[in-house]
Amino acid sequence: MPYAMIAFICAALVLRFATLAVSIRNERRMKASGAKEYGAANTLILALLHVLFYISAIVEWSLGPKGAFSNLQYAGLALYLFGALMLILVIRNLERFWTVKIIIAPDHQLVTRGLFKWVRHPNYFLNILPELIGFALALGASRTLVFGLPIYLVSLILRIRQEENAMRKAFQDYGKSCS
């Protein structure tokens, strides 16, 4: 059982680092073309909270009892995998405009296809929240979930507001579609 959880943790970290590499590449390209970043301070806070959430869940798991995988942990794993799949779809939908930051490029296009046709902010509601909840549940990290998620949500709500403002400034049609 511990080896399976270690493999899960490693896979989750590899996914996050791989997507971070995509974000950094896209950010550099957009900023080189004159893109503007919004909410940089809150982005830093969100990144730190994300890392702390992962660390807290991993520490809580490592200090807890190691028994058979519970149904709640299986549900957490399924929820995490759903969030990971949604992240991949969001990246595919946004393509070269996807980053972990709020960045609007001069040639930025409003994306209204794929997940963005149906859900406003799918990266947050279909990826990040299922990812964090699923990660904590899969690791049996209930304290991390109960105490860490509300703290994360404060910064995430601010992030969504910042993104909404940036999108309204950049796109006249924003608000007429889900994205």
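Begin at the lining of the second largest pocket, which by class holds seven nonpolar, five polar and three charged residues. Keep in mind throughout that this is a predicted model.

**The second largest pocket**

The volume of this second largest pocket is about 190 Å³. Of the 15 residues that line the second largest pocket, select Trp61, Pro65, Gln73, Leu139 and Gly140, which are the closest to its centre. If you then colour by secondary structure, you will find that α2 and α6 are the elements giving two or more residues to the lining of the second largest pocket.

**The largest pocket**

Move next to the largest pocket, in which about 940 Å³ of space lies. Its lining takes in 41 residues, and the ones to select for a view of the centre are Thr99, Val100, Lys101, Asn123 and Arg159, which lie nearest to it. To see where the lining comes from, show α1, α2, β2 (102-104), α5 and α6, each of which supplies at least two residues of the lining of the largest pocket. Among the contributors, α2 gives the most to this lining, with 10 residues. Sorted by class, the lining of the largest pocket has 27 nonpolar, 10 polar and four charged residues.

**The nonpolar cores**

Now hide the pockets and select the side chains of Phe8, Tyr80, Leu132, Phe135, Leu139, Tyr152 and Leu156, which, of the 27 residues in the largest nonpolar core, touch the most other members. The helices to display around them are α1 (2-32), α2 (40-63), α3 (71-94), α5 (122-138) and α6 (142-170), the elements that give two or more residues to this core. Its largest share, seven residues, comes from α5.

Within that group, centre the view on tyrosine 80 and show what surrounds it: leaving out residues up to four places away in sequence, tyrosine 80 touches Phe8, Ala12, Leu15, Tyr54, Pro130, Glu131, Gly134 and Phe135. There is also a second, separate core of 11 residues, and for this one the selection can include Met86, Leu87, Leu94 and Val111.

**The salt bridges**

Turn next to the charged side chains, where the count comes to nine salt bridges. Select lysine 31 and glutamate 27, which form a salt bridge whose closest N and O atoms are 3.1 Å apart. Both residues of this pair, lysine 31 and glutamate 27, lie in helix α1, four residues apart, about one turn of the helix. Their surroundings can be compared by accessibility: lysine 31 has a relative accessibility of 35% and so counts as partly exposed, whereas glutamate 27, at 12%, counts as buried.

Go on to aspartate 107, which forms a salt bridge with arginine 96, the closest N and O atoms being 2.9 Å apart. This pair links distant parts of the chain, with aspartate 107 in the loop between β2 and α4 (115-118) and arginine 96 in the loop between α3 and β2, 11 residues apart. Aspartate 107 is partly exposed, its relative accessible area being 37%, and arginine 96 is also partly exposed, with a value of 32%.

The next stop is in α6, where the side chains of arginine 168 and glutamate 164 meet in a salt bridge (3.2 Å, N to O). Because arginine 168 and glutamate 164 are four residues apart in helix α6, about one helical turn separates them. Arginine 168, at 47% relative accessibility, counts as partly exposed, while glutamate 164, at 11%, counts as buried. Before leaving the charged residues, select Glu27, Lys31, Glu37 and Lys101 together, since salt bridges that share partners join these residues into one network.

**Threonine 144**

The last stop is threonine 144, whose place is in helix α6. Is threonine 144 buried or exposed? Its relative accessibility is 4%, and since buried means under 20%, threonine 144 counts as buried. Showing its neighbours, again without those within four places in sequence, brings up Phe53, Ser56, Ala57, Glu60 and Leu149, with which threonine 144 is in contact. To finish, draw a distance from the C-alpha atom of threonine 144 to that of isoleucine 45: the two atoms are separated by 17 Å, and the two residues are 99 residues apart along the chain.

How values were computed. Residues are numbered from 1 along each chain as its sequence is written. This is a predicted model: local features need pLDDT of at least 70, side-chain atom pairs count only at pLDDT 80 or more; totals for chains, interfaces and linings use all residues. Side-chain values use heavy atoms; hydrogens and water are left out. A nonpolar core is a set of buried Ala, Val, Leu, Ile, Met, Phe, Trp, Tyr and Cys residues joined through side-chain atoms within 4.5 Å. Buried means under 20% relative accessible area, exposed over 50%, partly exposed in between (1.4 Å probe, protein chains only). Contact means heavy atoms within 4.5 Å. On a 1 Å grid over the protein atoms alone, a cavity is a set of points where a 1.4 Å probe fits but cannot get out, and a pocket is an open set with protein on both sides within 12 Å along at least five of seven lines; lining residues have an atom within 4 Å of a point. Grid points are joined across faces, edges and corners, and a volume is the space filled by probe spheres set on the points. Ala, Val, Leu, Ile, Met, Phe, Trp, Tyr, Cys and Pro count as nonpolar, Asp, Glu, Lys and Arg as charged, and the others, Gly among them, as polar. A salt bridge is a side-chain nitrogen of Lys or Arg within 4 Å of a carboxyl oxygen of Asp or Glu.
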